[in-house]
Structures are given as structure tokens and as C-alpha cells.
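Hi,

Here is the structure I promised to pass on. Please open it alongside this email, and the notes below should help you find your way around.

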Amino acid sequence: MYTETIEIVEVSPRDGLQNEKQPISTEDKLTLINRAIDAGARRIEVTSFVNPKAVPQMADADAVCAGLPERDDVTYIGLVMNLRGAERAIATGRIDQLGAVAVATDTFAMRNQGQTSDGSVDAARAIIKRAKEAGLTAQATIGASFGCPFEGEVSEDHVVAMAKAIAEAGPVEIALADTIGVGNPAHVARLVERVREAISPLPVRVHFHNTRGTGLANVWAAISAGAQTVDASIGGLGGCPFAPGAAGNVATDDVLYMLDRAKISTGLSLDAIIETNHWLAGVMDKELPAMVGKAGGFPNPADDKERNAA
């Protein structure tokens, strides 16, 4: 295989919950974060520092940060759209890494953060600079890298140019996000390889939504093309308030199962993630999309007991 290890960024506390209409308590968010840590997650997107009127589910960002466990071995990521959000995140004293967002089309960038695509690149560069000044690290995600809900197809050349411009600011990595789940493995492999070559030695991270059922295939294609880190959400929750039709993130459960069976190490426990899926389903009062959360792993200990009893 192409690699022996892949890093997982657990995004359920932020991207997983941000589009949910049912309010989730700060206590439950912190329980989710602690469960993710216990399962082995070492990079977690814990919240976003955005306008609470636009994203009400993230209105308790400061309270979530105040309740984070003290862990030297865990990187807490806070998503920010502008310098105002960056200052809020820095002021908590608990965020280790700022996550900036640039968007590949003007229409989506205006809807998402009130600026053009080029303006979002400038904002991401400014956030990275501010993070460094504050003694933090920063990374950047290019949203709608594989397609836009408003403008349709997105120029690969434009995405590569954005990645190169952001890389000049010195983030720890750059992510390509399929915000609305329109990517396919051929497109993913091609763009990941192009961006990887353009920003080397910076690593590429990927962020996929499973809107059209291609999420896992896209993860595999990205890894095959050299991506080192994958965003995933426990249970497959997720969506974007500003992207019509955006469905859940690729499920941590499903990604772990695929990688475990391929003998690719992530450091996470699939059993613990499945248990957290079931707990979170109770909190949300609904079954979550992850397939492995429903079917279980393989070999399944319960199946082994039934076979032995027979």
C-alpha cells in the first residue's frame, strides 16, 4: 500500500454538529470530545468562532474551550473565518491551532464569509500570520475544491494557485474540501497530486462529504495520491449552513474500518468510535448515517460467540 499510517482529524464537535437544528448542550459536546480522545483522536476540531446568529450551534465556543481537558498530547483546533474570530480563539487560551478557510468560487465565498475567493485567500494568510504571532500553529482548508453549489465546476488551476498562495504564509498543511460531496475518485486523485506537488513539503489534508455516496472512494483515492491526513466525523454527521444540499461528512467509523482492514494505522479504536456513535445517536435522538455504526466491525465478536455456540 502507499502508506502505513494516516492521521485522522475528528471534526464531529464542529462540522458534525454545526448544521444540526436540535440544540446540543455544551456538556454533551465536551463528552463527545472526551470520548474521541479516549478512542485515540489526537487532533480534534472542537468548535468554530463565527457569528452565533449565522451558526447558532457554535454559540457556546468559549464555554466549550473552557471545559476542554488539559492534554499535552491533543491538538485542539478552532475554525475561524477572519481576524476577529482568530482573536476570540486566541483569547480562550485553549486552542492550539487555528483553522482558516478559503473558498474556491466567488459566489460561495460571499455566502460563506462575505468576501471573494481571492479575498478569502488573503484572509487565510492573515489568520496564519496572526496564529504564528500568538505562538499557535495554523492550517487552511480550501472549500468547494471539487465543485460549487452555485457556480458548478471549479477550475483545478485556480485551486492549485490558491494552495500555492496560502502555502507562502507557512501553515502546517493545506486541506482540499469537497464541501457538497460532488467529487469523484479520478478528480480527487488528480487534484490531490497536483496540490501536493505544488506545496511540497507541506502535507495535504482532505475533507469529504458523502452526499452522493462517493466519500469513502474519495478518501482512498486521496490517500493513494499522497494525502496524509483525513477529516472525519463520528457517525457521519455534518453539513454546511451555507451550502445547499451538503450532507454528512465521511464517517470516522467507516473510514477507520476501511483503513484498519487495509492494515493502515490511525491510532484510533474502531470499537470505541462505534460505541460513541451509539451514544451520540441517543443524544441526537436519531440513527446516524455511518454504515459501520449499524453493521459493526469485522470480525464481529458477537458473531464469533454465535458461531461458537452453534
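Contact here means heavy atoms within 4.5 Å. Please also keep in mind that this is a predicted model.

**Thr 252 and its surroundings**

Let me begin with Thr 252, which belongs to helix 10 (residues 252-261). Leaving out neighbours within four places in sequence, Thr 252 is in contact with Ile 8, Glu 10, Ala 232, Ser 233, Ile 234, Leu 268 and Ile 273. One of these, Ala 232, has its backbone oxygen 3.4 Å from a polar atom of the Thr 252 side chain. Is Thr 252 buried or exposed? Its relative accessible area is 0%, so Thr 252 is buried.

**Two glutamates**

Glu 7 sits in strand 1 (residues 7-10), and Glu 45 in strand 2 (residues 43-49). Glu 7 is partly exposed because its relative accessible area is 32%, while the cut-off for buried is under 20%. Glu 45, with a relative accessible area of 7%, is therefore buried.

Once residues up to four places away in sequence are set aside, Glu 7 touches Arg 43, Gln 228, Thr 229 and Val 230. There is also a long-range approach to look at: Glu 7 and Thr 266 are 259 residues apart along the chain, yet 5.7 Å separates their C-alpha atoms.

For Glu 45, the contacts counted in the same way are Val 9, Glu 10, Val 11, Pro 13, Arg 14, Asp 15, Ile 77 and Leu 79. With Arg 14 there is a polar contact between the side chains, at 2.8 Å. Leu 79 is 34 residues from Glu 45 in sequence, and the C-alpha to C-alpha distance is 7.3 Å.

**Helix 9**

Which residues of helix 9 (residues 215-224) are buried? They are Gly 215, Asn 218, Val 219, Ala 221, Ala 222 and Ile 223. These buried residues pack against strand 6 (174-178), helix 8 (185-199), strand 7 (204-208), strand 8 (229-232) and helix 10.

Ala 221 makes a handy example from this helix. A relative accessible area of 9% is why Ala 221 counts as buried. Beyond four places in sequence, Ala 221 is in contact with Pro 185, Val 188 and Ala 189. Ala 221 and Asn 184 lie 8.8 Å apart, C-alpha to C-alpha, with their positions 37 residues apart in sequence. After helix 9 comes Gly 226, with a positive phi near 110°.

**The largest pocket**

You may want to look at the largest pocket, which has a volume of about 250 Å³. It is lined by 14 residues, and the closest to its centre are Phe 49, Val 50, Asn 51, Met 81 and Asn 82. Helix 4 (83-92) and helix 5 (106-113) are the elements that give two or more residues to this lining. By class, the lining has six nonpolar, five polar and three charged residues.

**Aromatic pairs**

The count of aromatic pairs comes to two. In one of them, the ring centres of Phe 146 and Phe 208 are 5.9 Å apart and the planes meet at 40°, so the pair is tilted. This pair links distant parts of the chain, 62 residues apart: Phe 146 is in the loop between strand 5 (137-143) and helix 7 (156-167), and Phe 208 is in strand 7. Phe 146 is buried because its relative accessible area is 2%, and Phe 208, at 1%, is buried too.

**Backbone details to check**

Two cis peptide bonds deserve a look. One joins Ser 200 and Pro 201, with omega about 15°, and Pro 201 lies in the loop between helix 8 and strand 7. Another runs from Phe 298 to Pro 299, with omega near -5°; Pro 299 is in the loop between helix 12 (291-295) and helix 13 (301-309).

Positive phi values also turn up outside glycine. Ala 144 has phi near 60° and lies in the loop between strand 5 and helix 7. Asp 285 has a positive phi of about 60°, in the loop between helix 11 (270-284) and helix 12. Which of the words buried and exposed fits Ala 144, and which fits Asp 285? Ala 144 is at 0% relative accessibility and so counts as buried, whereas Asp 285, at 68%, counts as exposed.

Best wishes

Definitions and conventions:
Residues are numbered from 1 along each chain as its sequence is written. This is a predicted model: local features need pLDDT of at least 70, side-chain atom pairs count only at pLDDT 80 or more; totals for chains, interfaces and linings use all residues. Side-chain values use heavy atoms; hydrogens and water are left out. Helices (H or I, at least four residues) and strands (E, at least two) are DSSP runs, numbered from the N terminus. Buried means under 20% relative accessible area, exposed over 50%, partly exposed in between (1.4 Å probe, protein chains only). A polar contact is a pair of N or O atoms within 3.5 Å; within protein, one must be able to donate a hydrogen and the other to accept it, and residues adjacent in sequence count only if both atoms are side-chain atoms. On a 1 Å grid over the protein atoms alone, a cavity is a set of points where a 1.4 Å probe fits but cannot get out, and a pocket is an open set with protein on both sides within 12 Å along at least five of seven lines; lining residues have an atom within 4 Å of a point. Grid points are joined across faces, edges and corners, and a volume is the space filled by probe spheres set on the points. Ala, Val, Leu, Ile, Met, Phe, Trp, Tyr, Cys and Pro count as nonpolar, Asp, Glu, Lys and Arg as charged, and the others, Gly among them, as polar. Rings of Phe, Tyr and Trp (its six-membered ring) pair if their centres lie within 6.5 Å; planes under 30 degrees apart count as stacked, over 60 as edge-to-face and the rest as tilted.
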